[in-house]
Amino acid sequence: MRFHDSTLLRDLGWSSFFADQLDPAISQPIDTAPAAVVGRVASANHGRFLIWTEAGTIDAGVSGTLRSSGALWPAVGDWVIVRPIDAVIDRVLTRQTCVSRKQPEREIREQVLAANIDVLFIVSGLDRDYNPRRIERFLVMANESGARPVVLLNKADLTAELGLDLAEIVASVQQLSPSITVLPISAKSDENLDTLPSQLGPGQTAALIGSSGVGKSTILNRLLGDERQATSAVRASDSRGRHTTTTRQLFRMPASAANQSGWLLMDLPGLREVQLWANPDQPTQTLEASFDDIQELAQSCRFRDCTHGTEPGCAVTSANLDPARMANFQKMQKELAHLERKTNSRLAKETRAKWNATEKSVRSHPKRSQT
């Protein structure tokens, strides 16, 4: 058996998508102790990576060639080519999906949160953390990544205490995007946690994403049946928590009645801000695809390149949509347009030329004083 066809690697998420990227020289039996093997990045910490391979776990760094090449930098969830003897990663295989955001600082740079994720569990607490606009933002991030979004409304055990209508909240979240799955759960009482494994196939990978204090680590611990991740209480004033999870790490989940072969789960640190990152070639396509109602209405706009702002004949602005939802859409639209100008050198040059021409025209034709 060749190592890239093994049951163990398939249980870790290996598929033909990655196997097809291998060099023929890499495709050799594991018992010949090859100079290079494939593995999956299970955790990362200050330039060191724990790699799961068929031969065991390897603590590896990055080779000088990869470091200087400008190629993909390893992220948790990546499949990599690693040299066990030298304990270095030589190459990162092309990702099937990638969950990213813009770096929180002013620098225009992508921050990869998770690689090769099949399902993104968007966790929102039903206490004061609940915010439909933030959920919309996470849905855009999920759709851009290629992962399937599933919204988890945690702390469902508090609905009576908080005077909430759970069915109404689930319905309102479902309306944000009719194609998504919305699951009310309670990590504290285990309510509906047994439905999570059924959202994935054997060997598939999910990640938990959300604000600090929404219960991501508690969900992970309950699913594992072990207190593997540290947790902390949230503040009573705003239901926010501290960053108890500070690193990204993959966990192999136990087999269950819903998923007998097991699956993988990543607990991401809580995000204080979710700045979008998009494909520079098509930055607004994913945004509109995440707003099903706006995308459908846009088909009837007078102009094909309508931005749904002040253009005449805009079917979106005349549809009387929820003002908060529309404002959130326009805010993200401007965000992505700014990102496109910064990452697309051609567009940036055209934008500068346009403003220079406008400024020159204003200087050449000053306003006449009123008499």
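# Close-up views of a predicted model

**View 1. The largest nonpolar core.** The largest nonpolar core has 55 residues. Ile 51, Val 151 and Ile 209 make the most contacts inside this core. Helix α4 supplies its largest share, five residues. A second core, separate from the one above, has 22 residues. Val 123, Ala 206, Leu 208 and Val 214 are among them. All of these views come from a predicted model.

**View 2. The surroundings of Ile 209.** Ile 209 is one of the residues with the most contacts inside the largest core. Neighbours up to four places away in sequence are left out of this view. Ile 209 then touches Val 99 and Leu 113. It also touches a run made up of Leu 120, Phe 121, Ile 122 and Val 123. Phe 138 and Met 141 are further contacts of Ile 209. Both Phe 138 and Met 141 are listed among the buried residues of α4. Lys 216, Leu 268 and Leu 271 complete the contacts of Ile 209.

**View 3. Helix α4, residues 132-145.** This helix has 14 residues. From first C-alpha to last, α4 reaches 20 Å, close to the 20 Å expected at 1.5 Å a residue. Most of α4 is covered, with 10 of its 14 residues buried. The buried set includes nonpolar residues such as Ile 135, Phe 138, Leu 139, Val 140, Met 141 and Ala 142. Arg 134, Glu 136, Arg 137 and Ser 145 are buried too.

**View 4. The two ends of α4.** Asn 131 caps the N-terminal end of the helix. One of its side-chain oxygens lies 2.9 Å from the backbone nitrogen of Arg 133. Gly 146 comes just after α4. Its phi is positive, about 100°.

**View 5. Strand β6 and its partner β7.** Strand β6 spans residues 98-102, and five of its five residues are buried. Both faces of the strand are covered. Cys 98, Ser 100 and Lys 102 are buried on one side. Val 99 and Arg 101 are buried on the other. Strand β7 (residues 110-115) pairs with β6 in the antiparallel sense, over five bridges. Glu 110 of β7 is the bridge partner of Lys 102.

**View 6. Ser 100 in its strand.** Ser 100 is found in β6. Its relative accessible area is 7%, so Ser 100 is buried. The side chain of Ser 100 makes a polar contact with the side chain of Glu 110, at 2.6 Å. Leaving aside neighbours within four places in sequence, Ser 100 is in contact with Glu 110, Gln 111, Val 112 and Leu 113. Met 141 and Trp 277 are also in contact with Ser 100. Met 141 is a buried residue of α4.

**View 7. Helix α10, residues 323-343.** This helix has 21 residues. It reaches 30 Å from its first C-alpha to its last, close to the 30 Å expected at 1.5 Å a residue. Buried here are Arg 325, Met 326, Asn 328, Phe 329, Met 332, Gln 333, Leu 336 and Leu 339. They cover an arc of only 155° around the axis, so they sit on the same side of α10. An α-helix has 3.6 residues a turn, so residues three or four places apart point the same way. On the other side of α10, Pro 323, Lys 331, Lys 334 and Lys 342 are exposed. Asp 322 caps the N-terminal end of the helix. A side-chain oxygen of Asp 322 lies 3.1 Å from the backbone nitrogen of Ala 324.

**View 8. Two loop residues with positive phi.** Most residues other than glycine have a negative phi. His 46 has a positive phi, near 50°. His 46 lies in the loop between β1 (37-45) and β2 (48-53). At 81% relative accessibility, His 46 counts as exposed. Asn 192 also has a positive phi, near 65°. Asn 192 lies in the loop between β10 (181-184) and β11 (205-209). Its relative accessible area is 30%, so Asn 192 counts as partly exposed.

**View 9. Gln 295 in helix α9.** Gln 295 lies in α9 (residues 292-298). Gln 295 is partly exposed, with a relative accessible area of 32%. Not counting residues up to four places away in sequence, Gln 295 touches Glu 288 and Ala 289. Val 316 is 21 residues from Gln 295 in sequence. In space the two are 8.7 Å apart, C-alpha to C-alpha.

Conventions. Residues are numbered from 1 along each chain as its sequence is written. This is a predicted model: local features need pLDDT of at least 70, side-chain atom pairs count only at pLDDT 80 or more; totals for chains, interfaces and linings use all residues. Side-chain values use heavy atoms; hydrogens and water are left out. Helices (H or I, at least four residues) and strands (E, at least two) are DSSP runs, numbered from the N terminus. The expected span of a helix is 1.5 Å times one less than its number of residues. Buried means under 20% relative accessible area, exposed over 50%, partly exposed in between (1.4 Å probe, protein chains only). A polar contact is a pair of N or O atoms within 3.5 Å; within protein, one must be able to donate a hydrogen and the other to accept it, and residues adjacent in sequence count only if both atoms are side-chain atoms. Two strands pair if DSSP finds at least two bridges between them. A nonpolar core is a set of buried Ala, Val, Leu, Ile, Met, Phe, Trp, Tyr and Cys residues joined through side-chain atoms within 4.5 Å. Contact means heavy atoms within 4.5 Å. The arc is that of the directions from the helix axis to the C-beta atoms.
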